[in-house]
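Open the model in your viewer and switch on the cartoon. This tour says what to select at each stop and what is there.

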Amino acid sequence: MAYYRKLNDYLKDKYGGRVQKVAIDAGFTCPNRDGSKASGGCTFCNNLSFSPYAMSKKTVKDQIEKSMAFYKSRFKNIKGFLAYFQAFTNTYAPVEKLKEVYDQAMSYDEIIGMSIGTRPDCVPEEVLDLIASYTAEKPEVWVEYGLQTAHFRTLRAINRAHSVAEFVDAVLRTKRRPSIKICVHVILGLPGEDYEDMMETARLISVLGVDGIKIHPLHIVKHTVMEKQFLRGEIKDLTIEEYARLAVDFLSILPKDIIVHRITGEASEEELIAPHWCLPKYKNEVLKAIDMEFKKRNRLVLV
Ligand code: SF4
């Protein structure tokens with residue numbers, strides 16, 4: 001029984017067993033940090049994670065092989081792996097360099113596809129063509145666009161350094177290559193946004209007809225601009241109950257068959273400032289609160 005369509009279930013149905021994402025840090029950076037779009041990064045983004053010392057020194061091959069071995073020892077019945085280019089902006093490099101990195105990941109038989117996290121202002125046509133080219137052999141190819149909010153003033157306030165129009169443009173251009181699946185990342189509880197603002201973000205995503213969604217509660221981590229704003233009392237954090245209601249309302253606006261890549265978010269004890277329930281140990285509690293909220297509303301169960 002499920003109240004929404006989870007990525008794991010979608011993959012399981014499609015491939016007949018567990019498909020595990022393996023997270024890869026391919027050593028890319030971000031145009032919102034290196035000055036080409038802006039500097040300082042998004043106000044929720046951990047500055048220290050951009051230190052060259054924090055960037056991965058492991059090769060893509062190393063990371064994939066170690067992760068696959070780890071998951072194989074942990075789970076039986078793994079049908080395949082999805083290479084997840086997660087860290088920073090994974091289309092922010094010359095197309096030749098991107099090809100080299102994506103080729104490495106896709107060369108493994110057990111890798112059934114990939115998911116590429118990026119910004120909507122970093123997908124020129126030749127990059128989308130390159131990404132689409134992999135789908136002929138391995139059709140499970142996703143691009144994950146960080147949007148966070150569909151409100152320009154909020155985007156400006158959190159220093160995203162891209163616009164809503166750039167997001168719409170990226171989605172429409174990606175959809176011209178229908179073999180690429182699109183996932184959108186949003187944050188609920190951003191400073192300055194009220195309930196209707198967040199629901200309007202859901203409406204925009206809904207009309208664009210994307211394939212997947214990743215929803216995070218705003219959580220404040222150390223070494224960010226938001227840490228300072230929070231400590232000055234300028235940002236209010238959500239309770240679990242508030243977040244569960246918002247997440248359910250948000251998801252209820254989206255098509256029922258949208259694939260939910262994530263519906264909460266966590267940070268480690270060393271990193272997290274607030275809210276406390278974004279520690280990994282509360283993850284099940286958050287998921288339970290969301291399910292309870294769906295149950296209360298008698299949402300139809302998906303099959
Ligand atoms: S959140 Fe993403 S876009 Fe923003 S600074 Fe961090 S890596 Fe760059």
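Select strand β4, residues 111-118. In this predicted model, 8 of its 8 residues are buried, so β4 is largely enclosed by the rest of the structure. Buried means under 20% relative accessible area, exposed over 50%, and partly exposed in between, with a 1.4 Å probe and protein chains only. Strands (E, at least two residues) and helices (H or I, at least four) are DSSP runs, numbered from the N terminus.

Some ground rules. Residues are numbered from 1 along each chain as its sequence is written, and side-chain values use heavy atoms, with hydrogens and water left out. Local features need pLDDT of at least 70 and side-chain atom pairs count only at pLDDT 80 or more, while totals for chains, interfaces and linings use all residues.

Add strand β3, residues 78-85. It runs parallel to β4, and 5 bridges join the two. Strands pair if DSSP finds at least two bridges between them. Click tyrosine 84: its bridge partner in β4 is serine 115. Now show helix α3, residues 95-106. β3, α3 and β4 make a right-handed β-α-β unit. Right-handed means that, with the strands pointing away from the viewer, the path from the first strand over the helix to the second runs clockwise.

Next, strand β5, residues 140-148. β4 and β5 pair in the parallel sense over 6 bridges. Glycine 117 stands opposite glutamate 144 in β5. Add helix α4, residues 125-133: β4, α4 and β5 make a right-handed β-α-β unit.

Zoom out to the sheet. In what order do its 8 strands lie? The order is β1-β9-β7-β6-β5-β4-β3-β2, in an open sheet with parallel pairing. β1 (5-6) and β2 (18-24) stand at the edges, each with a single partner strand, so one side of each has no neighbour in the sheet. At the β1 edge, 2 bridges pair β1 with β9 in the parallel sense. There, lysine 6 has valine 260 of β9 as its bridge partner.

Select helix α2, residues 60-74. It packs on the sheet, touching β2, β3 and β4. Contact means heavy atoms within 4.5 Å.

Finish at helix α9, residues 240-253. Buried residues here include Tyr243, Leu246 and Phe250. The buried residues of α9 pack against β6 (181-188), α7 (195-208), β7 (212-217), β9 (259-262) and α10 (283-296).

Terms used
Expected span 1.5 Å × (residues − 1). Axes fitted to C-alpha atoms, helices over the stretch in contact; angles between N-to-C directions.
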